[in-house]
Amino acid sequence: MKTKPTQLRVLIMRREDWWVAQCLEFDLAAQAHGSFDNIKAEFCRMLGVRLAACRVEEIDPFKLPPASEIYND
């Protein structure tokens with residue numbers, strides 16, 4: 001079954017030596033230490049794991065609330 005692509009906007013912030021990636025459409029987030037490339041890879045890894053787990057459990061991986069309103073300012 002083909003599914004419609006889902007567009008995600010991700011806000012990436014640096015907090016000292018850590019990077020945080022927060023999806024705006026859904027309350028999905030990841031953090032990584034070190035470089036900008038690390039946070040991109042960690043967010044993609046987290047999303048891939050979520051998609052795989054939801055596929056196994058046969059649940060919608062995007063049945064989540066949106067990110068907090070504080071990220072939309």
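Me: In this predicted model, is Glu-58 buried or exposed?

Reply: Relative accessible area settles such a matter, and exposed means over 50%. Glu-58 has a relative accessible area of 73%, so the residue is exposed. Its place is in the segment after H1.

Me: What is to be noted about phi of Glu-58?

Reply: Most residues other than glycine have a negative phi. Glu-58, although not a glycine, has a positive phi, near 55°.

Me: Which residue in the loop between S1 and S2 should be read in a similar way?

Reply: Glu-16 lies in that loop. Glu-16 is not a glycine either, yet its phi is positive, at about 55°. With 73% relative accessibility, Glu-16 counts as exposed.

Me: How should the sheet be read, and in what order do the strands stand?

Reply: One reads the order of the strands and then the sense of their pairing. Here three strands form an open sheet, ordered S1-S2-S3, with antiparallel pairing. Strand S1 (10-15) and S3 are the edge strands, each pairing on one side only. On average, and with direction ignored, neighbouring strands of this sheet are turned by 20° against each other.

Me: Over how many bridges do S2 and S3 pair?

Reply: The antiparallel pairing of S2 and S3 extends over five bridges. Within this part of the sheet, Trp-19 stands opposite Ala-32 in S3.

Me: Where does H1 lie with respect to the strands?

Reply: H1 lies across S1, S2 and S3, and runs at about 145° to S3.

Me: How many aromatic pairs does a search of the whole structure find?

Reply: The search finds two aromatic pairs. For each, one reads the distance between ring centres and the angle between planes; over 60 degrees counts as edge-to-face. Trp-19 and Phe-36 form an edge-to-face pair, with 5.4 Å centre to centre and 75° between the planes.

Me: Which parts does the pair of Trp-19 and Phe-36 tie together?

Reply: Trp-19 belongs to strand S2 (residues 18-23) and Phe-36 to helix H1 (residues 36-57), so the pair ties together parts that are 17 residues apart in sequence. Trp-19 counts as buried, at 13% relative accessibility, whereas Phe-36, at 37%, counts as partly exposed.

Me: What geometry does the pair of Phe-26 and Phe-62 have?

Reply: An angle from 30 to 60 degrees is counted as tilted. Phe-26 and Phe-62 form a tilted pair, 4.9 Å centre to centre and with 35° between the planes. Phe-26 lies in the loop between S2 and strand S3 (29-33), while Phe-62 lies in the segment after H1, so this pair ties together parts that are 36 residues apart in sequence. With a relative accessibility of 13%, Phe-26 counts as buried.

Me: Is Gln-22 buried or exposed?

Reply: Buried means under 20% relative accessible area. Gln-22 has 4%, so this residue is buried. Its place is in strand S2.

Me: Which backbone oxygen lies 3.3 Å from a polar atom of the side chain of Gln-22?

Reply: The backbone oxygen of Leu-28 lies at that distance from the polar side-chain atom.

Me: With which residues is Gln-22 in contact, leaving aside its neighbours within four places in sequence?

Reply: Gln-22 is in contact with Arg-9, Val-10, Leu-11, Met-13, Asp-27, Leu-28, Ala-29, Ala-67 and Tyr-71. Among them, Val-10 and Met-13 fall within the span of the edge strand S1 (10-15).

Methods
Residues numbered from 1 in each chain as written. Predicted model: local features only at pLDDT ≥ 70, side-chain atom pairs only at ≥ 80, totals over all residues. Heavy atoms only, no water. Phe/Tyr/Trp six-rings, centres within 6.5 Å; stacked < 30°, edge-to-face > 60°. Helix = DSSP H or I, 4+ residues; strand = E, 2+ residues; numbered from the N terminus. Buried < 20%, exposed > 50% of the residue type's maximum accessible area, 1.4 Å probe, protein only. Pairing = 2+ DSSP bridges. Axes fitted to C-alpha atoms, helices over the stretch in contact; angles between N-to-C directions. Contact = heavy atoms within 4.5 Å. Polar contact = N/O pair within 3.5 Å; in protein donor to acceptor, adjacent residues only side chain to side chain.
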